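Biologist: I should like to request a close look at one part of this protein, namely its sheets and the loops beside them. Please explain it in a manner suited to a first-year student.

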Amino acid sequence: FSRRDTHLQRRRLTGAPSFTVTGECTVIGSCFYSPNYPSNYGNDEDCTFLLMSNVPSGSHLVVESFYLEDPSGDFCAFDYLALDGVTGARYCGVSGPQGLAVAAGDTLTFHSDHAETRPGFKVCVEGAPSPSPTTTTAPTMSKAPTTPAPTSMATAFTLEVNAFNSG
């Protein structure tokens with residue numbers, strides 16, 4: 001694997017997710033690879049990746065490289081990567097599962113048929129971005145003055161005194 005792969009690995013999940021892998025596929029850190037990647041995968045290959053743990057909420061797939069056999073019409077019938085249990089989540093050709101949300105317990109399945117092969121894929125699980133730290137300042141309480149503050153406006157009062165003669 002290249003120096004670029006090592007650099008990319010640094011921005012992946014802390015504590016890489018645990019995978020259970022069946023078949024000839026490979027997992028390194030938080031990334032999974034088709035058989036024989038970056039060389040062509042073989043014919044009639046099947047493998048699965050089951051995400052077991054350490055997959056934070058909001059995790060998604062990041063496609064580093066993806067090249068499988070082209071679809072048959074609009075459907076990936078020959079070679080594909082699929083997220084099991086999600087209708088329409090089958091990927092082939094050069095359209096990988098970029099940004100697809102994943103969680104612990106999800107299974108991804110790779111399948112190749114009996115004919116053409118391609119270089120395959122490198123797909124990584126990336127956690128949701130951490131929120132920026134925020135600082136909350138508690139409001140300060142101050143004692144209100146008991147007498148009103150002086151104003152700059154002058155107020156005039158007129159006092160009227162009535163004198164009564166008593167007699």
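Modeller: The answer below takes the two sheets in turn, each together with one loop residue.

The model under discussion is predicted. One open sheet is formed by four strands in the order E2-E3-E9-E5, with antiparallel pairing. Strand E2, residues 26-28, and strand E5 stand at the edges of this sheet. Each of these two has a single partner strand, so one side of each is left without a neighbour in the sheet. On average, neighbouring strands of this sheet are turned by 20° against each other, direction ignored. As a general principle, strands of a sheet pair through backbone hydrogen bonds, either parallel or antiparallel.

The partner of the edge strand E5 deserves attention. E5 pairs with strand E9, which covers residues 120-126, in the antiparallel sense over seven bridges. Within this pairing, His60 has Glu126 in E9 as its bridge partner.

The loop that leads to E5 may be considered next. Ser59 lies in the loop between strand E4 (46-53) and strand E5 (60-67). Ser59 has a relative accessible area of 1%; because buried means under 20% relative accessible area, Ser59 counts as buried. The side chain of Ser59 also reaches the backbone oxygen of Pro56, at 2.7 Å.

Strand E4, on the other side of that loop, belongs to the second sheet. This open sheet is formed by five strands in the order E1-E4-E8-E6-E7, and its pairing is antiparallel. Strand E1, residues 18-22, and strand E7 stand at the edges. Each has a single partner strand, so one side of each is left without a neighbour in the sheet. Inside the order, E4 and E8 pair in the antiparallel sense over five bridges. Leu50 stands opposite Thr107 in E8.

A second loop residue completes the picture. Gly93 is found in the loop between strand E7 (90-91) and strand E8 (107-111). Gly93 has a relative accessible area of 3% and is therefore buried. Leaving aside residues up to four places away in sequence, Gly93 touches Phe66, Tyr67, Leu68, Glu69, Asp70 and Pro71. Among these contacts, Phe66 and Tyr67 fall within the range of E5, 60-67. The C-alpha atom of Gly93 is separated by 8.4 Å from that of Asp79, a residue 14 positions apart along the chain.

Definitions and conventions
Residues are numbered from 1 along each chain as its sequence is written. This is a predicted model: local features need pLDDT of at least 70, side-chain atom pairs count only at pLDDT 80 or more; totals for chains, interfaces and linings use all residues. Side-chain values use heavy atoms; hydrogens and water are left out. Buried means under 20% relative accessible area, exposed over 50%, partly exposed in between (1.4 Å probe, protein chains only). A polar contact is a pair of N or O atoms within 3.5 Å; within protein, one must be able to donate a hydrogen and the other to accept it, and residues adjacent in sequence count only if both atoms are side-chain atoms. Two strands pair if DSSP finds at least two bridges between them. Axes are lines fitted to C-alpha atoms, for helices over the stretch in contact, and angles run from 0 to 180 degrees between N-to-C directions. Contact means heavy atoms within 4.5 Å.
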